[in-house]
Each structure stands twice: as C-alpha cells, then as structure tokens.
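Me: I am new to reading protein models. Please take me through this one in short steps.

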Amino acid sequence: MCQGLPEFYMSWARSDPLYQEYFSDCQLLISPQSVRHSWSSADFKRQPAKLIIDSGAYWYIKNDRNPPPPKDVFFRQQKMAEGSHCPTTICHFDMPLPPKESEIGTSYRRIESTIGNAYEFMELYTRANFPSNVQCLGVIQGYDPASVKFCAQEISRMGFDRFGLGSLAGLYFPEEIISRVKAAIEIVGTNLHIFGISNTKLMLKLSKLGISSFDSSRPMLAAIYNTVFYSKPFKSFIVEEAKNKIRRGSILQEPLPCRCPVCKDNPSVLMSTGRKKYHNLRAVHNYYHLVREIRGD
Ligand SMILES: [Zn+2]
C-alpha cells in the first residue's frame, strides 16, 4: 500500500467469504457478535494480513440491549485473539452515543463510562500479557468536536497503542463526521481508526485526512442489496434480475470487464441473486473494487 493512505478493514461475520483466501493482504474487523462463542483466530486456515477485534459495543445500542460487564467482553476478545499470528488489535469496550441522542447529560455520562471502561480495560490488558503481535486500541466517543477532544485527551493518557473514533455511523452530514475526525486528530494525531463507515464517497474523503485506518461492511451490504461496484471511476449498479423495491443507481445488463478473482472464474455469477452464496461472491468482487478505489491502484 502507498504511504499515507489509510488501511481498510473489511467487517467480517462467520458466514461471510474468507476474503483473505482471495486477497492475501486483506485485513479484517471482527465483533464478538459476528462469530460463535467458541471461535478464535486459530479457526482461520489462512490468517488475514491484520485483524481488529472490535468490542461489539455498537450492537447493544442498535439492538437496545443492556451492555454486559466490560470485563466479560475483554475475556471474550482475549479468547478471539488466541492463535492469531498476524498483527492484531483489541478495542476497549466503549459506550457509543446513539445518533439521535439529544440529551447532552446522557451523552456526557456515556463518555464518562467510555473513559472508565478504558481504565478497566487497560488493567486487564496489561495483566493478560499478550504476545507481541497484539496491540490495544482506545475508543474515543463524542457528540461534537469539543466532547471528542475531551474524551481523546483522557483516553490518550492511558497508554493505548492505537486510537479509534466511534459514534459516526448514524451521522447524516459528512461535514459533521469530518469535523469530529479533525478534532480527534488534533489530540491523538493520525494514529486513528474510524469505525463503521458505510458511505463510499465519505471513505474517499476520509482517506485524504491522513487517518491510519477505517472499517466498513459496505461491500457485503451492497452485495446483499444486489449492488455491484466497479472502480476507476467508482460506480455502482443494480443487477438486472434484482427485485429491489427501491432501485438506486443504473441497472447492470451484463458484467463489465473485471480482473477480480470471482470474475476471472465466472463473471456471470455477479448477476445471480437470492442466495448467500451469490451475495458472498458479489461481496468479494465489491471488496476488490472498493479497495482498488481507496488505494488508487
Ligand atoms: Zn469482479
């Protein structure tokens, strides 16, 4: 990868394609909710190039569930990291802010909990004595640039190897996202991961801010909605047979020339719909094009 461009982590769940078997440089982000309880990195026949083990905190907000004790999440993540021999990052269990939370007091208490959890995480992490390929990531939360800076200052004092910025997934305006990212960079520098970015245009904008990495499930989500990406220039199409009620984008009548591993084998499979097998193959193709676009290959 060219210097200065962010690393891309593909969000992965257990029935998804093993992207690393198609692309040896593929990096994955895995949440506890995305794998079986007994799953560990040793279950991968081929390791990804790098791995982020997320805390899955956003899942509790999204599904309106009470979060578990942070130490339970830590032990689960520790189990997930077992057998990993690629560079692996474990994220502390944060308290994401719901996108529509308007009560500042509630948001502030969640930021305080995030900071408290980070202290507890660091104690457990230090005691666990992980192998040298494992690093820890402190998650910054905030509802505006000032609160992002406050949280970043607190988190930056605790000795984390890396930092991440959360609570951006539900934000509608890219300018708001960019201003929070800039606020975090002011405090922790560009050693910053951005969680859960789904908008492809925004990914390309963020790439220019000098952040170190971000993750997305967009190639798979698009595949499920029968959407096919192409790069250089970046375009998305809906496959002709799709029964999507809302058709966003142009219809793809037939596959375009493509050098991805799926199209090299059988490009017409991109046009098939309705089964996880087809979603997975389309996701591999979409991953190839999104990464190509981000990297400017
Ligand atoms: Zn392809």
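Reply: Below are short questions and answers on domains, a sheet and one residue. This is a predicted model, in which local features need pLDDT of at least 70, side-chain atom pairs count only at pLDDT 80 or more, and totals for chains, interfaces and linings use all residues. Residues are numbered from 1 along each chain as its sequence is written.

Me: How far apart do the C-alpha centres of domain 1 and domain 2 lie?

Reply: The protein chain is divided into domain 1 (31–216) and domain 2 (221–295). These bounds come from an automatic or database domain assignment. The C-alpha centres of the two domains are separated by 29 Å.

Me: Which strands are the edge strands of the sheet β9-β10-β11?

Reply: Strands here are DSSP runs (E, at least two residues), numbered from the N terminus. Two strands pair if DSSP finds at least two bridges between them. The sheet is open, has the order β9-β10-β11 and shows mixed pairing. Pairing on one side only marks the edge strands, β9 (227–230) and β11 (250–252).

Me: In which sense do β10 and β11 pair?

Reply: Strand β10 covers residues 235–239. F237 stands opposite S250 in β11. Over three bridges, the sense of the β10 and β11 pairing is parallel.

Me: Is Q141 buried or exposed?

Reply: A residue is buried if 20 or more other C-beta atoms lie within 10 Å of its own, exposed if 12 or fewer, and partly exposed in between; C-beta atoms are placed from the backbone. Q141 sits in the loop between β5 (134–140) and α5 (145–156). Q141 has 27 C-beta neighbours inside 10 Å, so Q141 counts as buried.

Note on methods: Helix = DSSP H or I, 4+ residues; strand = E, 2+ residues; numbered from the N terminus.
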